[in-house]
Amino acid sequence: MIFGRRRFSAVVEDFEAAVRAQDADAAEREFARLTRGFGKATDDELHAAGPRLAALLGDVPPGPRAIVAVLIGACVERGADPSACAPALFANALDAFEQSAAFCEAWTAAGRGELPDHEGEGLTDSDFERFGFEPVMAWQALPQFEMACVAMLNSPRIRREMTCRDELRAAVAQLAELTDEPFKCLAYALVVLDDEPVVALDRATGAGFALRAFGIGDNFQLHTLLAAALIGRGLVAGEAPSAEAVACCRDQPGMAPTTGSFNLVGADGEWIWNEGNPADIPVVDGVRLVVLDPPSYARSWPAGRFFPGMTGELVYERTLSPEESGALLAGVAAPVR
């Protein structure tokens, strides 16, 4: 079936009406039509559908709710207004993580052993009655809610406007402690820095540089952009990453091989691991302070964006005066490794 503009709008309207009427059979039928027709919808149709589905999300039955959240995230990726979609999506994601934590605690207290997977393997019919239908469904829905939240957080506007960031971070962290799952994509997305001042100090020369970070998902990406900003300008010795690698870390799709240019060290002397993210970097006098040491061994990786839908940038602002960089270096510890 081909869904034209009017037809897909009608599907959204019919799904909305069925959910509002709490007609389970009709909602299930219209949900199937909604998911089937989504891929054929035009951008304009999805621009209109995103906010309508977001307004409906809390009333959608627990089974399809997370899939509808994914559809809302996809609408935003296709151009729907993120500010109209994000609050309801985040509120429902927060509820899912909090209910999942209660489920995991109850499961462990009942002596059930290893947690079931999110596909339902390990669950029995009686578990829905014993632990509650909504908490069990929330647990099963977490991968979809994580995906939907990350899609929303690709938008710098939403990262600026988000009001429940601390609550969602706490809920994700609590659940990570209760399970073997770090929910790394969402955990990292929730701490992405924007318009964040960064100072890099070259220990060998004593030179210091002020930069500003936007939308960088992990320290592999930061490392490549830092090398491009400093080595690429001839401010620090070394081999700059390729233009392709830098583009992949900014806004181009795919990945390109690159080699590490530095050992990144914090002001406390601890290494700043590429596997971490910029929010891990210690703050000194209001800025993230990174000390550049020569690499202790050759390390290569595929350069690119941790979040393929998120634009990343590290903007060079100025070279610090010798007095500024000297004062900062005086307070930096020697590397502990």
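**Exercise 1.** In this predicted model, work out whether R112 counts as buried, partly exposed or exposed.

*Solution.* Start with the number: R112 has 25% relative accessibility. Now recall the cut-offs: buried means under 20%, exposed means over 50%, and partly exposed is in between. So R112 counts as partly exposed.

Next, look at its partner. The side chain of R112 meets that of D127 in a salt bridge, 2.5 Å from N to O. This pair links distant parts of the chain, with R112 in the loop between α5 and α6, D127 in helix α6, and their positions 15 residues apart. Try D127 with the cut-offs too: its relative accessible area is 1%, so D127 is buried.

**Exercise 2.** Find out which parts of the chain the salt bridge between D59 and R20 ties together.

*Solution.* First, check the contact: the two side chains meet at 2.5 Å, N to O. Then place each residue: D59 sits in the loop between α3 (43-56) and α4 (62-77), and R20 in helix α1 (residues 5-20), so the pair ties together parts that are 39 residues apart in sequence. Finally, D59 is partly exposed at 45%, and R20 is partly exposed at 44%.

**Exercise 3.** Decide whether E114, a member of a negative surface patch, is buried or exposed.

*Solution.* Begin with the patch, which is formed by E114, D117, E119, E121 and D180. E114 itself lies in the loop between α5 (82-109) and α6 (125-131). Its relative accessibility is 73%, so E114 counts as exposed.

Conventions
Residues numbered from 1 in each chain as written. Predicted model: local features only at pLDDT ≥ 70, side-chain atom pairs only at ≥ 80, totals over all residues. Heavy atoms only, no water. Patch = residues over 30% accessible without salt bridge, like charges linked within 9 Å, V, L, I, M, F, W, Y side chains within 5 Å. Areas by Shrake-Rupley, 256 points an atom, 1.4 Å probe, with all protein chains shown as cover. Salt bridge = Lys/Arg side-chain N within 4 Å of Asp/Glu carboxyl O. Lys, Arg positive; Asp, Glu negative; His and termini not counted. Charge placed at Lys NZ, Arg CZ, Asp CG, Glu CD. Helix = DSSP H or I, 4+ residues; strand = E, 2+ residues; numbered from the N terminus. Buried < 20%, exposed > 50% of the residue type's maximum accessible area, 1.4 Å probe, protein only.
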